[in-house]
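Subject: The structure you asked about

Hi,

Here is the structure for you to look at, followed by my notes on it. Open it alongside this email and click through the residues as you read.

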Amino acid sequence: KENISSGNMSTNLSNPVDSSFRYTLFPIFYSLVFFMGLICNSYVLWVFNKMHQSRGMNEIKIYMINLVVADLLFVAALPLWIVYYHKNGNWIFPEFLCTLSGTMFFINTYCSIAFLAVISFNRYRAVTRPLEAASSDQRKRGIIVSGIIWVLNLCCAGPYLFDTHVHKIDEDYYRCYEGYNKTDYEANKKVATIHFLIIALFFFIFLLVIICNLLIIRTLLSQPVPQQNSRKTGVKQRALWMVCAVLGVFIICFVPHHIIQGPWTLAILNLWTTSQDVKQRLNDAHQITLCLMGLNCLLDPIVYCFATRKFKIHLMMRLKMFKESRKCSRYTSDMGVSMELQPHNHPVEPNETPLA
């Protein structure tokens with residue numbers, strides 16, 4: 001392999017910490033995420049494209065399309081990680097693909113977090129200040145905010161594109177994003193500082209999401225809806241379910257990883273003196289949280305169902321049509337079987353002798 005840095009084998013493998021279960025779990029899990037995520041997000045993108053012309057897009061739909069694109073970028077990189085873990089953590093592809101796949105994982109994670117946050121803020125303004133939200137140029141603001149999010153994420157991920165992330169561990173054995181230098185204390189402090197800045201930024205965003213969604217819940221519950229107005233009742237219920245969906249994605253996919261990331265970083269870089277058993281437990285937990293982060297591209301479509309009424313109606317109609325087609329197919333099949341089993345009585349021909 002060309003342009004691959006040779007890490008010090010004794011440095012990388014001294015006091016090794018590895019979670020062997022991931023070499024079985026990750027290929028299976030990521031394969032399921034790949035197929036389901038590709039189908040779900042491609043279908044969502046097709047639905048949005050079919051339902052709305054580009055000039056008919058409002059702010060929240062622009063955010064959701066960008067969220068779908070971020071999820072598809074993550075899904076596109078999964079085959080590389082599936083092969084990597086199937087090979088017991090041995091990177092067999094060119095070095096730039098390691099860099100690219102890791103960058104796409106980073107971009108998906110933090111673009112998803114950012115777009116879920118701006119969706120929450122958009123719903124907060126729509127619920128608490130409906131006139132102000134409706135009077136502004138939603139489409140223009142959606143495009144500008146989406147552009148800022150992508151530029152910021154690309155700028156944050158940019159330095160990783162020009163660094164080496166494939167490390168030689170043994171002859172014909174290479175790690176991707178897993179070469180930890182345990183001897184350079186100052187370099188490790190810089191790495192840990194970046195990790196903790198990212199963690200702090202995540203929890204700041206998560207706090208804003210919680211505040212926005214709690215204010216949405218309070219506003220909705222304080223507004224009495226007449227029993228006869230079923231449309232307003234449906235809108236209110238959908239908004240409450242969307243709040244639960246957004247918070248659910250954060251709590252299931254992102255919060256566990258950012259809780260464990262801090263102590264795991266300190267332990268794996270030897271900035272925190274602790275036992276080998278604690279390091280192993282932290283590493284095992286870290287691998288599980290990586291799996292949970294991968295779930296976000298499957299859970300995001302749930303947010304779309306509650307964020308836009310048209311999308312939910314379209315999806316329900318498709319499901320209804322699918323069920324009806326299955327019933328029709330089953331009925332036709334049953335009729336065919338019954339016709340075949342039914343005795344055929346036909347008149348006896350003159351030259352034909354009836355059977356006794």
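**What is in it**

The protein chain holds eleven helices and two strands. Helices here are DSSP runs of H or I with at least four residues, strands are runs of E with at least two, and both are numbered from the N terminus. Reading from that end, the order is α-α-α-α-α-α-β-β-α-α-α-α-α.

Before you go further: this is a predicted model, where local features need pLDDT of at least 70, side-chain atom pairs count only at pLDDT 80 or more, and totals for chains, interfaces and linings use all residues. Residues are numbered from 1 along each chain as its sequence is written, and side-chain values use heavy atoms, with hydrogens and water left out.

**Inside and outside**

Of the 356 residues in the protein chain, 41% count as buried. Buried means under 20% relative accessible area, exposed means over 50%, and partly exposed is in between, with a 1.4 Å probe and protein chains only. The chain exposes about 20300 Å², and carbon and sulfur atoms supply 65% of that. These areas come from the Shrake-Rupley method with a 1.4 Å probe, and for residues only the protein chains shown count as cover.

Contacts (heavy atoms within 4.5 Å) mostly link distant parts of the sequence: among those between residues at least 6 apart, 82% join residues at least 24 apart.

The largest nonpolar core has 70 residues, and those with the most contacts inside it are Tyr 30, Trp 91, Phe 115, Phe 250 and Phe 254. Helix H4 gives the most to this core, with 16 residues. Apart from it lies another core of eight residues, including Val 17, Ala 267, Ile 268 and Leu 269. A nonpolar core is a set of buried Ala, Val, Leu, Ile, Met, Phe, Trp, Tyr and Cys residues joined through side-chain atoms within 4.5 Å.

**Two helices to follow**

Start with H4, residues 95-128. Its 34 residues should span 50 Å at 1.5 Å a residue, and its end C-alpha atoms are indeed 50 Å apart. The expected span is 1.5 Å times one less than the number of residues. Since 28 of the 34 residues of H4 are buried, the helix is largely enclosed by the rest of the structure.

Thr 109 lies in H4 and is buried, with a relative accessible area of 3%. A polar atom of the Thr 109 side chain lies 2.9 Å from the backbone oxygen of Phe 105. Leaving aside neighbours within four places in sequence, Thr 109 is in contact with Phe 254 and Met 293.

Then try H7, which has 37 residues and reaches 53 Å from its first C-alpha to its last, close to the 54 Å expected. Its buried residues include Asn 188, Phe 202, Val 209 and Asn 213.

Val 209 and Asn 213 come up again at Val 246, a residue in helix H8 with 0% relative accessible area, so it counts as buried. Beyond four places in sequence, Val 246 is in contact with Leu 116, Ser 120, Val 209, Asn 213 and Val 303. Val 246 and Ser 120 are 126 residues apart in sequence, yet 7.7 Å apart in space, C-alpha to C-alpha.

**A few residues worth a click**

Arg 22 is in helix H2 (residues 22-51) and is buried, at 2% relative accessibility. Its side chain makes a polar contact of 3.0 Å with that of Tyr 23. For a polar contact, a pair of N or O atoms must be within 3.5 Å; within protein, one must be able to donate a hydrogen and the other to accept it, and residues adjacent in sequence count only if both atoms are side-chain atoms.

Which residue sits in the loop between strand S2 and helix H7? That is Tyr 177, with a positive phi near 60 degrees even though it is not glycine. Asn 270, in the loop between H8 and H9, also has a positive phi, of about 60 degrees. Tyr 177 is partly exposed at 26% relative accessibility, and Asn 270 is partly exposed at 34%.

Happy clicking!
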